Amino acid sequence: MTNNDILRQPVPSQASGSGGGTTFRLLWVDDEIEHLKAHIIFLEKKGYKVDTVTNGFDAVERCSEQTYDLVFLDENMPGISGLETLQRIKDVAPTTPIVMVTKSEEEDIMDQAIGSKITDYLIKPVSPTQILLSLKKNIHQREIVAEHTQTAYQQNFGTLGLQIDDAASIDDWNEVYRRLVAWELQLSDADSAMREMLAMQKSEANRRFARFVERNYISWLASTDDRPLMSPDIFKKRVFPLLDEGEKVFLIVIDNFRFDQWRTIMGELSELYHIDESLYCSILPTATQYARNAIFSGLMPNIIAEMFPELWVDEDSEEGKNLNEAPLIQTLFKRYRRQHTFSYNKVNDSAAAERLVTHLPQLEKYDVNVCVLNFIDMLSHARTESRMVRELASNEAAYRSITLSWFRHSAVGELFKTLASSNYRIILTTDHGSIRCQNPIRVKGDKNTNTNLRYKLGKNLDYNAKEVFEITDPHRAMLPSPNLSTRYIFARGDGFFAYPNNYNYYVSYYRDTFQHGGISMEEMLIPLIELTPRHR
């Protein structure tokens, strides 16, 4: 963008004093203010209201009496300096953006100003272009970015729609999902109409993705060479090759971790690691008992149940479904004749995470360290059961925000910082994602039917076959079959199963909750990230 382009760009309408919107008010502090009259006239013609003072004392007094949208502050003034004025203004108006304007290019002055949390830094003589660019960046950036993003999405809407229509392979769908998530993150501050347009496009993509999975899922399981990378393949195709290269591996599995949540925390890791990002496909059901056990055993669920019945827990059992993960990893290493050593660690709370960080030096003796982090899965369950948590994570953006806050402020963030100083290759992944459910699907089952809202299995299920993906022969889907007549059904898109008894209460309680187990891009197309510490 050229200087003339910047000058021609309109200021957002709320800045216009004549347009009926809010007039933005500026304060310019400079002991040679008369030399800046041309700049002030320029800004007033752009619709800004500009107050001027010639010293720091008056500036502090004005800021205590009047709220300003931005302050231009000269660094070198008689009386109190610009840096001291900056501190005093921050005391009376801590949220006001302050742009330091100075003749000095000394690094120490810049460091002091930046350390005092200035918003921007301009070197005299300043031009109208510099001034306007600073205002656009520090007052209007959110509106300008939102407007440009909305325009860009509208222009790309048709292209993305064609990409969804033409998706014919798992790679195509991975790319569709990447683009949808990218737009979702960019449009989080857009107007509601634009977000609704994206939600409709994503819903259509999920509908087509479900049909794609239904056409191909059984054939994927019949050929391990031609199928997408799936849950049982993680160790064989991603962990073992690194071990063969002489690497030590730290495998971190965040339960119920979606691709958009990964993209939200990615920035926290980019300064510490080189990042190799990919997606892989979870098996069905997209639930811990099936998908995570498949990761750690390298086997499909029915094979686990047949080969290691003592390690497989049936749906109707009261026993925890993920208590045998370390023994399953042991069977995997033994089956592939791996002499490598490993540790297994499960982190359910901050205290456990802190202990893990403390014990990292003791884990260096192992070739592979496996760590399961359960916070996000716990968050999704808490959001279902607690009205307060549902308010805190009221929508997708808030759900991502809580994930980011957890990562930043828990010992998990410290875990990644510590690992960045190690020689491990870190693999960060998950067993499945989740989807925000909206549409109830009626189903009847007997008392032995499982309770999951996104998939059901049993021998006496009553449902509309058009509304679900049904598997009448579990063996073909490599799923356990507790009874000869057991069948599985899966919800598509944002559907969830509801029983006719007390139907209205059931629907109102579970609608708008995050669930997993069924078929959607959010649940099945999940992050598989390789992190290499930058110091290497």
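I began with isoleucine 441, which counts as buried at 9% relative accessibility. The cut-off I used for buried is under 20% relative accessible area. I am reading a predicted model throughout.

**Entry: isoleucine 441**

I placed isoleucine 441 in strand S12, which covers residues 439–444. I then listed what isoleucine 441 touches, leaving out residues up to four places away in sequence. The list reads Glu467, Val468, Ala491, Gly495, Phe496, Phe497 and Ala498. I took one C-alpha distance here: isoleucine 441 to valine 468 is 8.5 Å. Those two residues are 27 apart in sequence.

**Entry: the whole protein**

Next I stepped back to the overall figures. I counted 22 helices and 19 strands in the protein. The C-alpha atoms fill a box of roughly 90 × 55 × 40 Å along the principal axes. I noted 536 residues, of which 53% are buried. I also looked at contacts with a separation of 6 or more. Of these, 74% join residues 24 or more positions apart.

For the surface, I got an exposed area of about 24700 Å². Carbon and sulfur atoms supply 47% of that area. I tallied charged side chains too: 60 positive and 74 negative. The centres of the two sets lie 5 Å apart.

**Entry: valine 29**

I went to strand S1, residues 25–29, and found valine 29 there. Is valine 29 buried or exposed? I logged valine 29 as buried, because its relative accessible area is 0%, under the 20% cut-off. Its contacts, again without residues up to four places away in sequence, are Val53, Asn55, Ala59, Val71, Phe72, Leu73, Asp74 and Met77. I also checked valine 29 against valine 60, 31 residues apart along the chain. Their C-alpha atoms are separated by 10.0 Å.

**Entry: threonine 102**

I found threonine 102 in strand S4, residues 98–102. Threonine 102 counts as buried, at 1% relative accessibility. I listed its contacts with the same sequence neighbours left out, up to four places away. Threonine 102 touches Asp74, Glu75, Tyr121, Leu122, Ile123 and Lys124. I marked Asp74 in my notes, since valine 29 touches Asp74 and threonine 102 touches Asp74 as well.

**Entry: helix H12**

How many residues of helix H12 are buried? I counted 10 of 10 for this helix, residues 288–297, and wrote it down as mostly covered. The buried residues are Thr288, Gln289, Tyr290, Ala291, Arg292, Asn293, Ala294, Ile295, Phe296 and Ser297. I noted Arg292 on that list, a residue type that counts as positive. Just after H12 I stopped at glycine 298, which takes a positive phi of about 70°.

**Entry: the negative patch**

Last, I looked at charge on the surface. Which residues form the negative surface patch? I wrote down Asp166, Asp171, Asp172 and Glu175. Helix H8, residues 170–186, gives the largest share of the patch, three residues. I confirmed that glutamate 175 is found in helix H8. Glutamate 175 has a relative accessible area of 36%, so I logged it as partly exposed. A patch residue needs over 30% relative accessible area, and glutamate 175 has 36%.

Definitions and conventions:
Residues numbered from 1 in each chain as written. Predicted model: local features only at pLDDT ≥ 70, side-chain atom pairs only at ≥ 80, totals over all residues. Heavy atoms only, no water. Helix = DSSP H or I, 4+ residues; strand = E, 2+ residues; numbered from the N terminus. Buried < 20%, exposed > 50% of the residue type's maximum accessible area, 1.4 Å probe, protein only. Contact = heavy atoms within 4.5 Å. Areas by Shrake-Rupley, 256 points an atom, 1.4 Å probe, with all protein chains shown as cover. Charge placed at Lys NZ, Arg CZ, Asp CG, Glu CD. Patch = residues over 30% accessible without salt bridge, like charges linked within 9 Å, V, L, I, M, F, W, Y side chains within 5 Å. Salt bridge = Lys/Arg side-chain N within 4 Å of Asp/Glu carboxyl O.
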